[in-house]
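Me: Could you take one part of this model and walk me through it closely? A bit of context on the whole chain first would help.

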Amino acid sequence: MLGTIKKRLSHWGSSFYGGKGTHYRKILVLILIIASIPGLITGALIYWFVGGRIENELLQLHKNQIIKRAENIDGQFANMELSMSHGALDTKFDYSLKEVDFYRQFSLTRDISKTIVLMQGAMPLAKRLDLYIDGLLPVHFNPEISVIDKNSDEWKQVKRVGENGPNVYWTTLPTLTKNQTGNDVALVHKIPGGISEPFGLMVARLDRDNVVALLKTVAPYDEGEAFMMQEDGDVLISTEESKQASTLIDAVKKEVLSRNVDQTSFLFKWDKNTYSVSAGALDRIGNKWIYVSIAPTSAIKKPIVFLSQAIVLVSCAGLLLAAVLSWLASRRIYSPLNQLVGLLSGGNQTHGDEFELIEKHWQHLNRESLELQTKLEQQLPQMKEGFLLQLIQGYLSAYSEADLMDRMNHYGWNTDQRQYIVLYIQLVGMTELDTGGRFSHGDEGLITFAAANMVEELVNERFEHCHVINFHNLTVGLMINIPEGQSFKNELYQLSDILMKTINQILKMQVTITLGKATSKIREIPFLFEEAKLAMSYRNFSKENQIIDLEALSKLEEHQPFQYPFSLERDIIQAMRMGQADEARQHVHAFMDALAADRVKEMDVQQGMMNLLGSLEHAIMQSGLNPNQLFKSVNLFEQLSMLREPEQIELWFMNKVISPFIEAMENRADFQIKKMIEQAMLYIQANYMNDISLDSCAEHCGTNAFVMSRTFKQVSGKNFIDYLTDLRMEKAKEMLRNSELKINEVSERVGYQHSYFNRIFKKYEGVTPSQYRDMSRKG
């Protein structure tokens, strides 16, 4: 009988639980216990007692957040003031600018423009940065230079702003943006900084959109507003977007000003609504600004009210339906677990413990996790290379030495009592490979990949801990890790010799290797790489294998004679002006040969080519063309600095500088006139030692003296006599420096009598010819 009863109870239980596991029964019992009156009591207590306290805490938290965000705003304005002061106190902006001809001193003008661009980039809140200088001509940088009419409204405004106020102060100025009216908030700094009689003005105008976006951080709710005003109540910038918001701001502004405190928070009732108002003062140079944040309390309290009401409703529902819906609720709570068990069991019902099934499948997932971990370890070399690339590029400068050591240990490096050595390897000779047909332009990445593999294979044979970094631009980095105190110099020289021979033999390219210094600090590795990279400029500008040892760099820095080929520079400019592309190409080739003679350093060759580029741009401007328009605002100096081989440099000058100028000049209507003046210049250069005149020159060119005089000054920027005299002085100085001719012989060879030559030479150079010869030889 007892056995029959047990069987019937078991059958009834199985029908009630629907064939579910034991965990479902535990859930059902738990639901029946907790679905009771305590839920309702808890909800009421939260709504009536705890809700008010949480509301006050949230209001206080809101105020504290606004204060912190206001500190951020104050910091950004302080950063702008500091950046402005640093720029204005730059040594470029001294009293010498007052006497500068910015259109003739192109290099200084370019440096000032770059400085303004860098300053504006360091001030995120600035919309534009203007520099006004009252010198030989009133000029305006923004960042390009332009001349201002002294009778213009803009210049009158500049003079008015410069005469008022201290050296640095905030003010409001009429906007310069087209199709906009109103005033801009601006920071004014007189230059030179800290001087009682400044002659220039630097003005940074705030970007309204950026400042409004910054102000919105102190009004975190969509219904709120924020604004910034001066002590007299004049609103500088606000986030208002409607007339109603403007009215609210006016009302709050009066209340804040009436309190007359630097920091205040209060509740403000307006138009049947209550607002939480927080205000504070920002001390600016020469001013005190007040920021105000307005947020409706309803937006702050809304989550608390909703949460409390929801708890009460849920508790009531649970109280009324606990007895009826406990079973349904238990099925709903069990549903996720039931779905999980169904997925794991393939849809088959289970009567055992659900957690045993989950544990079984968890072990399976754990095995798969271990397999993924193994795959991750296989990817560790790529992660290691990425870490080292970030390290040498300086992206990990914020990490401490201990953090960097931990990360290097994680990637398999031994950092205990170790020192680090860096090598920088550069391949030269791409032009020969291109002409030889083995590689072509664009294969630099492939060549660097092959070289990096060779370096890695050879280095691993000699050092246990090392890593090769492929820069994909014919350069390879190498970092070696050896014990502290171990001698490494001989081994590095032997390794360098093997690397050069291997790359010479296989890739047919020359190699320059910089041997860096050793350090025991990981944080110094980026500086060692940069130092090794910069040392490449000391290599001889010749196609041969070279080793540069940074520890012996002082020997490389010994003074070597360097002669700049001024005559070839004039020939290049002359051929360019005459539209003679073939002659210009020959002169550029001769210029490069003269510049790179006598094993001169790469830095000297680069400086010489930079000087040539500057002279060509100067000649282009003298011809009436704008280099920025001609070259489409391309930074030619940056492009030139990236070139390393003579053939590449010569081809670049022809394709990027000379040919575009010749094409532009041939398309101009006055090209024939300029060509005639170029012919006259050639005549002068060929006969400067004779007694030539304006009439003879005009007759040679097939025109009259009046036309020749007028057009010569217009095209060359100098009159006939000045040009002839300048040329004779240059030739005389060249003979005084490079020959043993007597002074009277030099004067005859440049077309002067001896006494007149001494007098005019001293007028031009400030010293006599004999003194000039002595000074040049001693120098």
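Reply: Sure, starting with the whole: the protein chain has 29 helices and 16 strands, these being DSSP runs (H or I of at least four residues for helices, E of at least two for strands) numbered from the N terminus. Keep in mind that this is a predicted model, where local features need pLDDT of at least 70, side-chain atom pairs count only at pLDDT 80 or more, and totals for chains, interfaces and linings use all residues. Residues are numbered from 1 along each chain as its sequence is written, and side-chain values use heavy atoms, with hydrogens and water left out.

Of the 779 residues, 42% count as buried, where buried means under 20% relative accessible area, exposed over 50%, and partly exposed in between (1.4 Å probe, protein chains only).

Now the close look, at helix 28, residues 754-765. Its 12 residues should span 16 Å at 1.5 Å a residue, and the end C-alpha atoms are indeed 16 Å apart; the expected span is 1.5 Å times one less than the number of residues. Its buried residues are F757, I760 and F761. Seen down the axis of helix 28, they fall within an arc of 105°, so they line one face; the arc is taken from the directions from the helix axis to the C-beta atoms. That fits the general rule: an α-helix has 3.6 residues a turn, so residues three or four places apart point the same way.

What does that face pack against? The buried residues of helix 28 pack against helix 26 (720-738), helix 27 (743-749) and helix 29 (769-778), contact meaning heavy atoms within 4.5 Å. On the other side of helix 28, R759 and K763 are exposed. Just after the helix, G766 takes a positive phi of about 85°.
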